[in-house]
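Good morning, and thank you for joining this group meeting. I would ask you to keep the sequence and the structure in view while I speak.

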Amino acid sequence: MRKNAPESVAPQRTSGNVLEVTGLRRSFGGVPAVDDVSFTLAAGGSLGIVGESGSGKTTTARIVVGLEQADEGRVVVQGRVRTGRARGRAERIARAREVQMVFQDPYLSLDPRTGVQAVLRETLRLHFPDADHASRIAELLDQVGLGTRAADALPRQLSGGQRQRVAIARALAVEPAVMVLDEAVAALDVSVQAQVLNLLADIRERTGIGYLFITHDLGVVRCITDDVIVMRHGRIVEAGPTAEVLADPRHPYTRLLLESVPRPGWDPDRIAAARRAL
Ligand SMILES: Nc1ncnc2c1ncn2[C@@H]1O[C@H](COP(=O)(O)OP(=O)(O)OP(=O)(O)O)[C@@H](O)[C@H]1O
Ligand SMILES: [Mg+2]
């Protein structure tokens with residue numbers, strides 16, 4: 001390892017991380033929503049962000065994807081620093097090639113008048129103008145478990161789980177290095193949730209796409225992430241391997257989150273009292 005290499009000369013790619021976030025800050029109206037947040041995502045890894053409503057998870061995600069600008073800090077994707085807004089269409093497309101986002105409600109991100117195949121064709125045309133789209137569309141539909149009958153359906157003709165599969169297929173179409181999933185299974189019934197989580201686990205294994213997985217549900221974190229960070233009031237209060245953090249939470253807030261998961265013997269009054277005491 002060379003020491004004292006000037007920063008401008010040192011290689012920017014470090015230790016196989018696809019995503020490195022350092023010292024992010026973002027305030028709204030003087031109130032910090034994200035307050036000194038740093039983390040890394042290994043290539044092909046899965047990192048969860050948990051925390052209760054308003055803790056800054058979505059704001060962090062939007063900054064990583066580039067939908068929101070940070071006041072301070074930096075985001076490095078595949079060794080390249082992303083600073084400020086994308087300059088022009090070419091840079092926007094180049095950034096989208098690297099990081100794709102899947103939202104909670106695909107209704108809001110899918111055009112109601114565009115059928116499933118057409119959604120995928122649009123994305124493929126934008127990113128791979130010269131490729132054979134028909135065969136790739138068939139492959140993507142197969143990959144997310146959507147049959148040929150769904151291929152020409154409009155969003156409203158699909159179930160919630162199917163719509164989320166379309167949103168996942170659209171993200172996959174781009175062959176990104178990172179997928180940011182913000183409460184991507186939160187709106188689904190528990191059984192459908194499990195199917196989509198299994199699908200996402202398969203996809204990660206097959207493609208090596210890294211996941212930044214945002215959820216308020218610790219059960220989801222347990223099932224889909226390797227590592228987890230716990231946010232509260234915009235700050236990271238605890239971070240580590242998911243199994244360790246969940247088995248032996250160090251921060252009282254993490255313990256509280258774990259206790260808030262409804263299960264037999266759950267006592268909402270005691271949790272409310274513990275929350276006030278924090
Ligand atoms: N565009 C905005 N304008 C003003 N305030 C905002 C904006 N976006 C987020 N905030 C505020 O920033 C804080 C963090 O919000 P954020 O959406 O990141 O939380 P979250 O952890 O994703 O919550 P949830 O679990 O409810 O989705 C909140 O107090 C929110 O009201
Ligand atoms: Mg959110």
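E175 is partly exposed in this predicted model, because 13 other C-beta atoms lie within 10 Å, above the limit of 12 for an exposed residue and short of the 20 that a buried one requires. E175 is found in the loop that joins helix 6 to strand 7, residues 178–182. Its backbone deserves attention: the phi of E175 is near 55°, a positive value in a residue other than glycine. Most residues other than glycine have a negative phi.

E183 also has a positive phi, of about 50°, although E183 is not a glycine. The loop that holds E183 lies between strand 7 and helix 7, residues 190–207. With 19 other C-beta atoms within 10 Å, E183 counts as partly exposed, since 20 would be needed for a buried residue.

Let me now step back to the whole chain. The protein chain contains 11 helices and 10 strands. It has 278 residues, of which 37% count as buried. Among the contacts with a separation of 6 or more, 67% are between residues 24 or more positions apart.

I turn next to helix 1 and the ligand. Which residues surround ligand 1? They are F28, A33, G51, S53, G54, S55, G56, K57, T58, T59 and H216. Sorted by class, this shell has two nonpolar, eight polar and one charged residues. Helix 1, residues 57–65, gives the most to the shell, with three residues.

How is helix 1 itself placed, enclosed by the rest of the structure or not enclosed? Helix 1 is largely enclosed, because eight of its nine residues are buried. The buried residues are K57, T58, T59, T60, A61, I63, V64 and V65. Just after helix 1 comes G66, with a positive phi of about 100°.

K57 also brings us to a residue remote in sequence. R235 and K57 are 178 residues apart along the chain, yet their C-alpha atoms are 9.8 Å apart in space. R235 belongs to strand 10, residues 235–241. Setting aside residues up to four places away in sequence, R235 touches D35 and D36. R235 has 15 other C-beta atoms within 10 Å and is therefore partly exposed.

The next topic is helix packing, beginning with helix 4 and helix 6. The axes of helix 4, residues 116–127, and helix 6, residues 160–173, come within 9 Å and cross at roughly 20°. The two helices are therefore roughly parallel to each other, as the angle falls under 35 degrees. Their crossing is right-handed. Which residues meet there? From helix 4 they are V116, V119, L120, T123 and L124, and from helix 6 they are V166, A169, R170 and A173. This contact comprises seven nonpolar residues, one polar and one charged. An α-helix has 3.6 residues a turn, so residues three or four places apart point the same way.

Helix 4 has a further partner in helix 5, residues 133–143: the two axes come within 10 Å and cross at roughly 120°. That makes helix 4 oblique to helix 5. This crossing, too, is right-handed. Here Q117, L120, R121, L124 and R125 of helix 4 meet H133, R136, I137 and L140 of helix 5. The contact has four nonpolar, two polar and three charged residues. L120 and L124 are thus listed both in the contact with helix 6 and in the contact with helix 5.

My last residue is S109, in helix 3, residues 106–109. Which residues does S109 contact, leaving aside its neighbours within four places in sequence? They are F103 and A167. S109 and A167 are 58 residues apart along the chain, and their C-alpha atoms are separated by 8.0 Å. Is S109 buried, exposed or partly exposed? S109 counts as partly exposed, because it has 16 C-beta neighbours inside 10 Å.

To close, I would leave you with two points. Helix 1 is largely enclosed by the rest of the structure and gives the most residues to the shell around ligand 1. Helix 4 lies roughly parallel to helix 6 and oblique to helix 5. Thank you for your attention.

Terms used. Residues are numbered from 1 along each chain as its sequence is written. Chains are lettered from A and ligands numbered from 1 in the order in which they are written. This is a predicted model: local features need pLDDT of at least 70, side-chain atom pairs count only at pLDDT 80 or more; totals for chains, interfaces and linings use all residues. Axes are lines fitted to C-alpha atoms, for helices over the stretch in contact, and angles run from 0 to 180 degrees between N-to-C directions. Helices (H or I, at least four residues) and strands (E, at least two) are DSSP runs, numbered from the N terminus. Angles under 35 degrees count as roughly parallel, over 145 as roughly antiparallel, 65 to 115 as roughly perpendicular and the rest as oblique. A crossing is left-handed if the near helix is turned anticlockwise from the far one by less than a right angle, and right-handed if clockwise. Two residues are in contact if their C-beta atoms, placed from the backbone, lie within 7 Å. Ala, Val, Leu, Ile, Met, Phe, Trp, Tyr, Cys and Pro count as nonpolar, Asp, Glu, Lys and Arg as charged, and the others, Gly among them, as polar. A residue is near a molecule or strand if its C-beta atom, placed from the backbone, lies within 6 Å of it.
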